[in-house]
Amino acid sequence: MYYIGVDLGTSAVKLLLMDGGGAVRGVVSRSYPLSFPHPGWSEQNPEDWLRAVLDGIAALTAGIDKTQVAGIGVGGQMHGLVALDREDRVLRPAILWNDGRTAAETDWLNEKIGKKTLSARTANIAFAGFTAPKLLWMRAHEPELYARIDKIMLPKDYINYMLSGVHCTDYSDASGTLLLDVEHRCWSAAMLADCGVDPAWMPRLYESYEAVGTLLPARAAALGLPADVRIAAGAGDNAAAAVGTGTVGDGRCNISLGTSGTIFISSSRFGVDSHNALHSFDHADGGYHLMGCMLSAASCNKWWQEEILGGGDYAGEEAGIDPAGLGRSHVYWLPYLMGERSPHNDPAARAAFIGMTMDTTRAQMTQAVLEGVAFGIRDSLEVARSLGLTITRSTICGGGAKSALWRRICANVLNLTLDTVAAEEGPGYGGAILAAVACGAFPSVAAAAGALVRVRDSIAPEPKLAAAYEQRYQVFRSLYPALKPLFGALAQ
């Protein structure tokens with residue numbers, strides 16, 4: 001049998017075809033536009049996602065026996081607000097996870113309802129990227145559209161709704177709305193009331209590996225697929241990527257160098273960081289996880305390579321970096337192009353180079369970008385370590401992880417052995433695994449991951465280089481507190 005995994009990203013959707021043995025038989029991707037209508041805003045048209053997904057499924061399944069396609073699982077960008085009216089028309093462009101317009105609404109939630117109350121209700125405090133502040137912003141600034149809302153959903157749930165006709169979400173993705181009682185796996189009635197959200201707007205909740213339904217007959221006919229293709233509830237992109245790297249069960253870790261950067265620690269037990277610097281979310285395996293998320297990771301390198309250097313020759317630029325200079329450069333990069341979430345929770349934070357001199361080279365600035373992202377992930381790792389968690393090893397995935405140099409930098413900055421899995425498809429592969437479980441091919445996510453996920457290679461930290469990066473990290477961690485007052489002034 002075949003299982004389709006969908007990775008609904010910020011710049012493109014990537015779809016893969018996985019067979020029952022876990023082999024990836026095909027991959028296609030389709031891009032779509034990203035809009036920044038005002039500084040700090042980030043939006044997309046959900047209908048662009050749907051067109052890309054449908055076109056991708058058609059291309060992916062061309063030339064195979066389509067009767068063997070059994071299930072579809074979607075992993076998608078989290079937190080985005082998709083609002084539909086009674087006729088299922090999209091009311092406005094989706095407000096995305098990296099949108100920073102909701103500073104006032106976030107402050108209201110954290111100060112008026114209070115961080116302690118929010119954490120007790122949802123296991124998290126308010127962040128500008130979460131869904132609840134977006135709803136408050138829409139209610140305040142677009143009241144006529146807000147009054148027409150009939151359904152709200154997250155990005156990947158829009159795809160599932162258009163495929164199956166079922167208004168649904170899963171617990172991992174719902175955890176990032178600030179409307180879910182994460183510990184008890186239900187919508188928080190108190191949060192819905194305080195945010196003025198009609199409970200009837202909310203999707204039905206499922207475990208990520210549950211089937212929510214099957215393809216709508218018209219969709220199945222148009223795609224030439226069986227009408228009984230099962231649609232798994234799917235997961236938020238980081239939980240799906242964790243499944244795809246085997247980060248399930250207790251005490252496993254995954255680092256993702258995607259558009260955003262995350263460190264993801266799975267657990268069988270519910271727990272909350274007392275400072276709420278890390279997110280406490282439900283996991284796609286039925287358990288829980290802690291996650292630190294920086295808003296700009298591989299997107300920092302993309303910005304630097306394409307917008308500033310203007311070439312996009314990633315490998316060529318990395319080739320100019322002197323290996324002997326790793327851990328020794330005095331140039332630092334603060335990776336806050338879209339503000340920052342973990343651990344600073346500061347939408348006003350801004351990116352910066354610091355430490356340049358007359359002899360600073362282009363290659364050193366490229367190196368600083370790679371190192372700055374690794375240092376940003378280290379910030380969240382230190383929070384996890386402060387909770388008594390012992391982490392010595394992690395998987396690593398995402399587009400940035402394809403760079404051997406970046407993996408080496410991360411291993412030494414984090415002082416962790418990093419494993420790369422054989423199927424480097426992140427959320428898409430996790431979505432396919434969830435689809436296989438939803439179709440009954442495996443009894444659990446853990447069983448599926450254990451059977452299908454294989455480590456391809458590993459990189460261990462080098463003691464001398466790790467020590468050099470330890471010294472540099474101590475300087476890096478002092479930069480944000482020093483510059484924070486200036487960031488506030490720049491935002492005015």
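Just after helix H10, Gly310 takes a positive phi of about 80°. The model is a predicted one, and this glycine is a convenient place to enter it. Helix H10 itself spans residues 298-308, and its buried residues are Ala298, Ser299, Cys300, Asn301, Trp304 and Gln305. Several elements take part in covering these residues. Among them are strand S16, strand S20 (332-334) and strand S21 (352-354). Helices contribute to the cover as well, including H11 (314-319), H12 (362-386) and H13.

Helix H13 is the next stop. Helix H13 covers residues 404-414 and lies across four strands: S16 (253-257), S22 (393-397), S23 and S24. The helix runs at about 145° to S23. Nine of the eleven residues of H13 are buried, so the helix is largely enclosed by the rest of the structure. The buried ones are Leu405, Trp406, Arg407, Ile409, Cys410, Ala411, Asn412, Val413 and Leu414. Just after H13 comes Asn415, with a positive phi of about 55°.

The strands under discussion belong to a sheet. This sheet is open, has seven strands and follows the order S18-S19-S17-S16-S22-S23-S24, with mixed pairing. Strand S18 (279-282) and strand S24 (455-459) form its edges, since each pairs on one side only. On average, neighbouring strands here are turned by 30° against each other, direction ignored. At one end of the order, strand S23 (residues 417-421) and S24 run antiparallel and are joined by four bridges. One residue pair can be picked out here: Asp419 has Ser458 in S24 as its bridge partner.

Toward the other end of the order, a loop lies between S17 and S18, and Asn276 is found in this loop. Is Asn276 buried or exposed? With a relative accessible area of 9%, Asn276 is buried, because the limit for that label is under 20%. Leaving aside its neighbours within four places in sequence, Asn276 is in contact with Ser119, Ala123, Asn124, Ile125 and Phe127. The C-alpha atom of Asn276 is also 8.3 Å from that of Pro343, although these two residues are 67 residues apart along the chain.

Empty space comes next. Rolling a probe the size of a water molecule over the atoms shows where empty space is left. In the second largest pocket there is about 310 Å³ of space. Its lining consists of 17 residues, and those nearest its centre are Ile265, Ser267, Arg269, Leu290 and Leu389. Two strands of the seven-stranded sheet, S17 (261-267) and S19 (288-294), each supply at least two residues of this lining. Cavities are counted separately from pockets, and a search of the whole structure finds two cavities of 30 Å³ or more. The largest cavity has a volume of about 90 Å³. It is lined by 14 residues, with Ala128, Gly129, Leu295, Glu340 and Pro347 nearest its centre.

Another part of the chain offers a strand to compare with helix H13. How many residues of strand S5 (residues 69-76) are buried? The count is eight of the eight, so S5 is largely enclosed by the rest of the structure. Strand S5 pairs with strand S1 (residues 2-8) in the parallel sense over seven bridges. Within that pairing, Tyr3 stands opposite Gly71 in S5. Strand S5 also runs parallel to strand S14 (residues 230-232), to which it is joined by two bridges. Gly71 appears here as well, with Arg230 in S14 as its bridge partner. Strand S15 (residues 235-236) is likewise parallel to S5 and joined to it by two bridges. In that case Gly76 stands opposite Gly236 in S15.

The last topic is the cysteines. A disulfide is a covalent bond between the sulfur atoms of two cysteines. Two sulfur atoms must lie within 2.5 Å to count as a disulfide, and by this rule the count comes to zero. Cys186 is in no disulfide, and the nearest cysteine sulfur, that of Cys195, is 15 Å away. Why is the sulfur of Cys439 without a bond to the closest cysteine sulfur? That closest sulfur belongs to Cys168 and is 15 Å from the sulfur of Cys439, which is too far for a bond. As for accessibility, Cys186 counts as partly exposed at 32%, and Cys439 counts as partly exposed at 23%.

Conventions: Residues are numbered from 1 along each chain as its sequence is written. This is a predicted model: local features need pLDDT of at least 70, side-chain atom pairs count only at pLDDT 80 or more; totals for chains, interfaces and linings use all residues. Side-chain values use heavy atoms; hydrogens and water are left out. Buried means under 20% relative accessible area, exposed over 50%, partly exposed in between (1.4 Å probe, protein chains only). Two strands pair if DSSP finds at least two bridges between them. Axes are lines fitted to C-alpha atoms, for helices over the stretch in contact, and angles run from 0 to 180 degrees between N-to-C directions. Contact means heavy atoms within 4.5 Å. On a 1 Å grid over the protein atoms alone, a cavity is a set of points where a 1.4 Å probe fits but cannot get out, and a pocket is an open set with protein on both sides within 12 Å along at least five of seven lines; lining residues have an atom within 4 Å of a point. Grid points are joined across faces, edges and corners, and a volume is the space filled by probe spheres set on the points.
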